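Reader: I am new to this structure and would like a close look at a single part of it. Could you take me through the sheet with care, strand by strand, and then through what lies around it?

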Amino acid sequence: MRYERLIVSALRDVPAQPDRHGSSVRQELGPGVRSWPLRLSRAHAGAQRAARPRHVLIDKIEPDLLVVRQRLHDAMDLARHREADKGW
């Protein structure tokens with residue numbers, strides 16, 4: 001439940017300010033693609049927070065829409081875990 005609240009908080013944080021401190025541009029994945037560490041949304045996830053979140057969202061803002069491509073553990077190599085045939 002804690003991690004679920006954290007993900008919901010991140011899904012609200014990212015579109016509110018996509019280029020905020022901590023968000024990274026991911027040029028290698030295509031134009032407009034960014035990554036967001038879930039740990040940066042802990043403050044908005046409520047009193048009982050996930051202890052050490054280690055995932056990042058790979059996302060892109062399109063007109064009136066947040067598109068999340070992946071949720072990936074921060075120790076994983078993104079290039080190895082993306083599906084080449086699906087573009088970014």
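Author: In this predicted model, 4 strands make up an open sheet whose order is β1-β2-β3-β4, and the pairing is antiparallel. At the edges stand β1, residues 24-25, and β4, each of which pairs on one side only.

A good strand to follow from here is β3, since its partners can be taken one after the other. On one side, β2 and β3 pair in the antiparallel sense over 5 bridges, and within this pairing Trp36 has Leu57 of β3 as its bridge partner. On the other side, strand β3, which covers residues 55-62, is joined by 8 bridges to strand β4, residues 65-73, and these two strands also run antiparallel. Several residue pairs let you trace that second pairing along the strands: Val56 stands opposite Leu72 in β4, Lys60 has Val67 as its bridge partner in β4, and Ile61 stands opposite Leu66 in β4. Beyond these pairs comes the turn of the hairpin, where 2 residues lie between β3 and β4, and where Asp64 takes a positive phi near 60 degrees.

It may help, when you look along any one strand, to remember that in a regular strand the side chains alternate between the two faces of the sheet. For β3 the picture is of a strand that is mostly covered, with 6 of its 8 residues buried. Across the sheet lies helix α1, made of residues 2-16, which crosses β2 (33-37), β3 and β4 and runs at about 35 degrees to β3.

The loop between α1 and β1 holds one residue that deserves a careful look, namely Arg20. Leaving aside residues up to four places away in sequence, Arg20 touches Asp13, Trp36 and His44, and Trp36 is the residue already met as the bridge partner of Leu57. Although Arg20 is buried, it has no salt bridge, and the nearest side chain of opposite charge, that of Asp13, is 4.5 Å away. The reason is one of distance, because a salt bridge here requires a side-chain nitrogen of Lys or Arg within 4 Å of a carboxyl oxygen of Asp or Glu.

Terms used. Residues numbered from 1 in each chain as written. Predicted model: local features only at pLDDT ≥ 70, side-chain atom pairs only at ≥ 80, totals over all residues. Heavy atoms only, no water. Pairing = 2+ DSSP bridges. Contact = heavy atoms within 4.5 Å. Axes fitted to C-alpha atoms, helices over the stretch in contact; angles between N-to-C directions. Buried < 20%, exposed > 50% of the residue type's maximum accessible area, 1.4 Å probe, protein only. Lys, Arg positive; Asp, Glu negative; His and termini not counted.
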